[in-house]
Amino acid sequence: MRNKTQLWYSNCNKGGAVMKIIFIRHGKTPGNLKKQYIGITDESLTEQGIYELKCRNYPDCDIVVSSPMKRCIETAKIVYPSKKIIINQGLRECNFGNFECKSYEELKSNSDYIKWIESGGVISFPNGESRNAFSKRCTEAFASSIKGLNRDITVSFIICLLYTSDAADDRIS
């Protein structure tokens, strides 16, 4: 998956001020290059991932919030070297359970994996986290990170993945 900068804007009724939110996915890790499910495994960035981050231009921000994962903290330090990084434990990656560090090729015949795929990813990862639990945790972490902040600022979130749904959007609007 390519590292993409995504902008998301939240309208606020406080005098027309708008908080600008930037989501930045971490740079490439060894597991990304192997196309593995990497969640709770705390990998560092690859040289390629570091190089690609340094070649991009990122928008400036007032506050940087990061997942506690090494790959996210390393990304934050490269993208925003002079900014203080606020770590939010709730933004850690999903626990992929028995699928952790495995690729599709390794899992495609696994009956638990087939059940998970057939459910549309709704059932929990075996010995891991459910999509609903992951979404709830990340949504609460996001909301706690911006709660009480001045609305006329830009906040960058350095994350692994952020699953959203209409219900999640409703909780953070």
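Which residue is the bridge partner of V64 in β5? The partner of V64 is S156, and the points below work outward from that pair through a model that is predicted.

1. Overall make-up and confidence. The protein chain contains 7 helices and 5 strands, and read from the N terminus its elements follow the order β-β-α-α-β-α-β-α-α-α-β-α. The mean pLDDT of the chain is 85, with 83% of the residues reaching 70 or more. Two stretches call for caution: over residues 1-14 the pLDDT stays under 50, although the model gives this stretch 39 contacts beyond four places in sequence, and residues 162-173 also have a pLDDT below 50, with 15 contacts beyond near neighbours in sequence.

2. Burial and contacts of the whole chain. Of the 173 residues, 45% count as buried, while the protein chain exposes about 9700 Å², of which carbon and sulfur atoms supply 49%. Among the contacts with a separation of 6 or more, 66% are made by residues that lie 24 or more positions apart.

3. Strand β3 and its partners. Strand β3, residues 63-66, is covered on both faces, since I63 and V65 on one side are buried, as are V64 and S66 on the other. On the one hand β3 runs parallel to strand β5 (residues 154-159), to which 4 bridges join it; on the other hand it pairs with strand β4 (residues 85-87), again in the parallel sense, over 3 bridges. Within β4, the bridge partner of V65 is I86. The chain passes from β3 to β4 by way of helix α3 (residues 70-79), and the β-α-β crossover that results is right-handed.

4. Strand β5. Why is β5 described as largely enclosed by the rest of the structure? The description holds because 6 of the 6 residues of this strand are buried. T154, S156 and I158 point one way from β5, whereas V155, F157 and I159 point the other way, and all of these residues are buried. Besides its pairing with β3, β5 pairs in the parallel sense with β2 over 6 bridges, and in that pairing F157 of β5 is the bridge partner of F23.

5. S156 and I63 compared residue by residue. S156 lies in strand β5 and has a relative accessibility of 0%, so it counts as buried. Leaving aside residues up to four places away in sequence, S156 touches I22, I24, C61, I63, V64, V65 and Y80. I63, in strand β3, is also buried, but with a relative accessible area of 19%, a value that falls in the buried class because that class takes in everything under 20%. The C-alpha atoms of I63 and S156 are separated by 6.3 Å, although the two residues are 93 residues apart along the chain. With the same exclusion of residues up to four places away, the contacts of I63 are with I86, L149, I153, T154, V155 and S156.

6. Nonpolar cores. The largest nonpolar core has 15 residues, and those with the most contacts inside it are I24, Y58, V64, V79, Y80 and I158. The elements giving two or more residues to this core are β2 (18-25) and α3, and α3 supplies the largest share, namely 3 residues. Apart from this core lies another one, of 13 residues, which includes M19, I21, V65 and I159.

7. Two backbone angles to inspect. Which residues other than glycine have a positive phi? K35 has a phi near 60°, and C101 has one of about 65°. K35 sits in the loop between α1 (30-33) and α2 (47-55) and is exposed, with a relative accessible area of 69%. C101 belongs to the loop between β4 and α4 (104-107) and is partly exposed, its relative accessible area being 30%.

Technical notes. Residues are numbered from 1 along each chain as its sequence is written. This is a predicted model: local features need pLDDT of at least 70, side-chain atom pairs count only at pLDDT 80 or more; totals for chains, interfaces and linings use all residues. Side-chain values use heavy atoms; hydrogens and water are left out. Buried means under 20% relative accessible area, exposed over 50%, partly exposed in between (1.4 Å probe, protein chains only). Two strands pair if DSSP finds at least two bridges between them. A crossover is right-handed if, with the strands pointing away from the viewer, the path from the first strand over the helix to the second runs clockwise. A nonpolar core is a set of buried Ala, Val, Leu, Ile, Met, Phe, Trp, Tyr and Cys residues joined through side-chain atoms within 4.5 Å. pLDDT is the predictor's confidence in each residue, from 0 to 100. Contact means heavy atoms within 4.5 Å. Accessible areas come from the Shrake-Rupley method with a 1.4 Å probe; for residues, only the protein chains shown count as cover.
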